[in-house]
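Please look over the sequence and the structure shown below before reading on, and keep both in view while you follow the text.

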Amino acid sequence: MQNLLKEWGPLLGRILIVQMFIPAGISKITNFSGTLGYMTAHHVPLAELALILSIPIELGCALLILVGWKARWAAVILLVWVIPVNLFMHNFWAVSDPTMHTLTQVLFAKDIAVMGALLLIASMGPGPKSLDKTA
């Protein structure tokens with residue numbers, strides 16, 4: 001069982017973590033103006049530039065992590081990117097409605113967990129089932 005986890009666990013982990021970023025990147029392309037409005041409503045500075053940058057960061061880094069090529073660097077880039085995204089988009093401390101406060105707090109915590117997974121990839125590599133084939 002342990003050998004099975006060592007061999008296939010990192011690949012499954014990479015597949016699971018990128019499922020968050022690939023659809024988000026695609027939706028930013030297909031609903032650019034709606035996403036820009038949402039970001040503007042959350043007071044994201046330079047929202048249009050941030051949106052333009054987020055598309056290749058989310059899609060490109062997620063695809064690199066998925067295939068396990070330059071995954072450490074891609075994970076670091078996404079990790080650094082998620083920090084301001086989380087602070088602006090899931091700022092639960094500024095939400096007064098109790099239901100939205102709880103939801104936003106959960107989303108904030110989810111992004112912290114995602115940052116943990118990205119840190120694991122950055123520090124340990126993509127694993128044996130990857131283009132980089134690192135253990």
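What follows leads from the whole chain to its last helix, then to some single residues, and finally to the pockets.

The model is a predicted one, and every value given here is computed from it. The protein chain has five helices and zero strands, so that, by the way such elements are assigned, reading along the sequence gives the pattern α-α-α-α-α. Along its principal axes, the C-alpha trace of the protein chain spans about 50 × 30 × 20 Å. Of the 135 residues in the protein chain, 35% are buried. The accessible surface of the protein chain comes to about 8000 Å², and 75% of that surface belongs to carbon and sulfur atoms. When contacts between residues at least 6 apart in sequence are considered, 63% of them join residues at least 24 apart.

A useful element to begin with is α5, which runs over residues 98-124. Does the span of its 27 residues agree or disagree with 1.5 Å a residue? The expected span is 39 Å, and because the end C-alpha atoms of α5 are 39 Å apart, the two agree. The buried residues in α5 are T104, F108, D111, V114, M115, L118, I121 and A122. An α-helix has 3.6 residues a turn, so residues three or four places apart point the same way. The buried residues of α5 pack against α1, α3 and α4. After α5 comes G125, a residue whose phi is positive, near 90 degrees.

The loops between the helices offer three residues to examine, and backbone angles are a good place to start with two of them. Most residues other than glycine have a negative phi. In the loop between α2 and α3 lies H43, which is not a glycine and yet has a positive phi, near 60 degrees. Because its relative accessibility is 65%, and a residue over 50% is called exposed, H43 counts as exposed. In the loop between α3 and α4 one finds K70, which also is not a glycine and has a positive phi of about 55 degrees. With a relative accessible area of 42%, K70 is partly exposed.

The third loop residue is F92, which is found in the loop between α4 and α5. Is F92 buried or exposed? Its relative accessible area is 17%, and because buried means under 20%, F92 is buried. Leaving aside its neighbours within four places in sequence, F92 is in contact with H101, T104, Q105 and F108, and of these contact partners T104 and F108 are themselves among the buried residues of α5. The C-alpha atoms of F92 and V44, which stand 48 residues apart along the chain, are separated by 15 Å.

Within a helix, I77 may be looked at in the same manner, and its place is in α4. At 40% relative accessibility, I77 counts as partly exposed. Apart from neighbours within four places in sequence, I77 is in contact with I57 and C61. The C-alpha atoms of I77 and I57 are separated by 7.6 Å, although the two residues are 20 residues apart along the chain.

The last step is to turn from the atoms to the space between them. Rolling a probe the size of a water molecule over the atoms shows where empty space is left. How much space lies in the largest pocket? About 730 Å³ lies there, and the pocket is lined by 31 residues, of which K28, M39, V85, M89 and H90 lie nearest its centre. At least two lining residues are supplied by each of α1 (2-30), α2 (32-41), α3 (47-67), α4 (71-89) and α5 (98-124). By kind, the lining of the largest pocket divides into 20 nonpolar, seven polar and four charged residues.

The second largest pocket holds about 300 Å³ of space, and its lining is made of 14 residues, of which P10, L120, I121, M124 and G125 lie nearest its centre. The elements that give two or more residues to this lining are α1 and α5, and the largest share, five residues, comes from α1. The lining of the second largest pocket divides into nine nonpolar, three polar and two charged residues. Two residues met earlier return here, since I121 and G125 are among those nearest the centre of this pocket.

Key. Residues are numbered from 1 along each chain as its sequence is written. This is a predicted model: local features need pLDDT of at least 70, side-chain atom pairs count only at pLDDT 80 or more; totals for chains, interfaces and linings use all residues. Side-chain values use heavy atoms; hydrogens and water are left out. On a 1 Å grid over the protein atoms alone, a cavity is a set of points where a 1.4 Å probe fits but cannot get out, and a pocket is an open set with protein on both sides within 12 Å along at least five of seven lines; lining residues have an atom within 4 Å of a point. Grid points are joined across faces, edges and corners, and a volume is the space filled by probe spheres set on the points. Helices (H or I, at least four residues) and strands (E, at least two) are DSSP runs, numbered from the N terminus. Ala, Val, Leu, Ile, Met, Phe, Trp, Tyr, Cys and Pro count as nonpolar, Asp, Glu, Lys and Arg as charged, and the others, Gly among them, as polar. The expected span of a helix is 1.5 Å times one less than its number of residues. Buried means under 20% relative accessible area, exposed over 50%, partly exposed in between (1.4 Å probe, protein chains only). Contact means heavy atoms within 4.5 Å. Accessible areas come from the Shrake-Rupley method with a 1.4 Å probe; for residues, only the protein chains shown count as cover.
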